[in-house]
Amino acid sequence: MTNSKTEIQELEKLLISEDLEELNNLTGNFNIFNALKLQNNEIRHSNFLAWIMSPFETHGLGDYFLKEFLKSVIKDYSLDENIGISLKDIVFLNLDDTEIKREYKNIDLLLISQQSKFVCIIENKIWTGEHDCQLERYAEIVSSEFKDFKKLYIYLSPTNECNSELLNRCYQDSNNTVYYIPMNYLQVHDVINKTLKFKAKSMNEDVKIFIEHYNSMLERNIMGQTSEDVIALCRKIYRENKNAIDLIVENNDIKADIYDVLLEIISENQNWLLQTSNINWIRFIPKNDNLENLKFAKKDWVDADNILIIEINNAKNSVIMDIVIRQSEMGFEKQYQILYEMAKDKFGYNKSSKKNTYMHIKSFPLISTIDYNNITLLGHDELKDFLKNKIYNSGILEDFSQFTKELNSKIN
């Protein structure tokens, strides 16, 4: 075992390192987006894009950024017959009346030009993925409400590659297929650079600085671009302080942080009742009248008798939220059979699941395996906001409420 005194000495050496101070100087430039901790917040990114896209805002750009953005999206797909709109169409569209709607029926950004009969969905994801067939639902809304409009569908995320395949989505039936164009934040960054290059004279200085701050934040926090000087200094610091840095990384227990934040979120909601928890899982139920006839679970690992609960699994590299059926108490075979059949019909879980045992009937990833490493970049408040947003938008709470309501009416 490493001597603790030696470890403390190595950590102290790192603390007083002049190289560490120099690294702080190189990376410590003020940025309004980083200062307000907005770099990983989907809502704030969408708000910025809505502002800079709107022809009516005071940035002085008119529809310039909007058209350049759309041109960047479609340039690699202009001749694809699945898209139905070309680069030429975008160039000649008059978009100076475009209305940018935020969170219209949960759509991140909805662009509507009445004079050009053009509508565009932008689904914006920062370190998260799509869920609950949301892309299909959004396309169906647009198809219904804007029947005669030219339509464009965009899926924006940090890592989408420009040359990746279109996202094929179907709704209602196989005859209604839509195609989302994948877009990444490097493209957004490049469009902003072009806008700053050619339209700087039309902006006042405050607007220009604001846009430059956003672009710098994209480079560092979203695209991961770091200067060669910073990279070289980081390598030097690591070589000279390897043991201390490895010790810091080893004891940076993000799983424990996630657990603490999840407990905070659940305890703050007065409509939720915590059942049991440890660092690996948290089990709770929403308080509602629908649970009245559903108290026939075996009291084994939870000191409560609700047959249905919500469970959050805090795994090594992911966090999953589930609706769970617990094992039934003896004498409730009829009630359990009703529950089992309704759950199978509603959620279609694996038919090999054994009846009357602990079963996960619907799951939603709060943090995917792919996104897990990015969570380590978040501070406490950012992580809390991130998880709250995921929990409340997972659909699990609504499904639990509706399912228990239906069950309560049949089990008595």
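Which residue forms a salt bridge with E68? Select E68 and K194: the two are joined in a salt bridge, with 2.8 Å between the closest N and O atoms. This is a predicted model, and the tour starts with its charged pairs before moving to a group of strands.

**Stop 1: E68 and K194.** Colour helix α5 (residues 64-74), which holds E68, and helix α8 (residues 185-199), which holds K194. The partners are 126 residues apart, and the pair links distant parts of the chain. Now compute the accessibility of each partner. E68 has a relative accessible area of 11%, under the 20% limit, and is therefore buried. K194, at 34%, counts as partly exposed.

**Stop 2: E268 and K384.** Show these two side chains next; they meet in a salt bridge, 2.6 Å from N to O. E268 belongs to helix α12 (residues 254-268) and K384 to helix α15 (residues 380-392), so the bridge ties together parts that are 116 residues apart in sequence. Here the acidic partner, E268, is partly exposed at 46% relative accessible area, whereas K384 is buried at 14%.

**Stop 3: E341 and K344.** Move to helix α13 (residues 333-347), where E341 and K344 are three residues apart and thus separated by about one helical turn. Their side chains meet in a salt bridge with an N to O distance of 3.5 Å. Both are partly exposed: E341 has a relative accessibility of 28%, and K344 has 26%.

**Stop 4: the network.** Return to E68 and K194 and add K71 to the selection. Salt bridges with shared partners join these three residues into one network. In total, the structure holds nine salt bridges.

**Stop 5: strand β10.** Hide the side chains and select residues 319-325, which make up strand β10. Is this strand largely enclosed or open? Six of its seven residues are buried, so β10 is largely enclosed by the rest of the structure.

**Stop 6: the partners of β10.** Add strand β9 (residues 308-314), which runs antiparallel to β10 and is joined to it by seven bridges. The two strands form a hairpin, with four residues between them. Then add strand β11 (residues 359-367), which pairs with β10 over seven bridges, also in the antiparallel sense.

**Stop 7: I325.** Finish by labelling I325 in β10, which stands opposite L308. In β11, the bridge partner of I325 is M359. Selecting L308, I325 and M359 together shows a residue of β10 with its partners in β9 and β11.

Note on methods
Residues numbered from 1 in each chain as written. Predicted model: local features only at pLDDT ≥ 70, side-chain atom pairs only at ≥ 80, totals over all residues. Heavy atoms only, no water. Salt bridge = Lys/Arg side-chain N within 4 Å of Asp/Glu carboxyl O. Buried < 20%, exposed > 50% of the residue type's maximum accessible area, 1.4 Å probe, protein only. Pairing = 2+ DSSP bridges.
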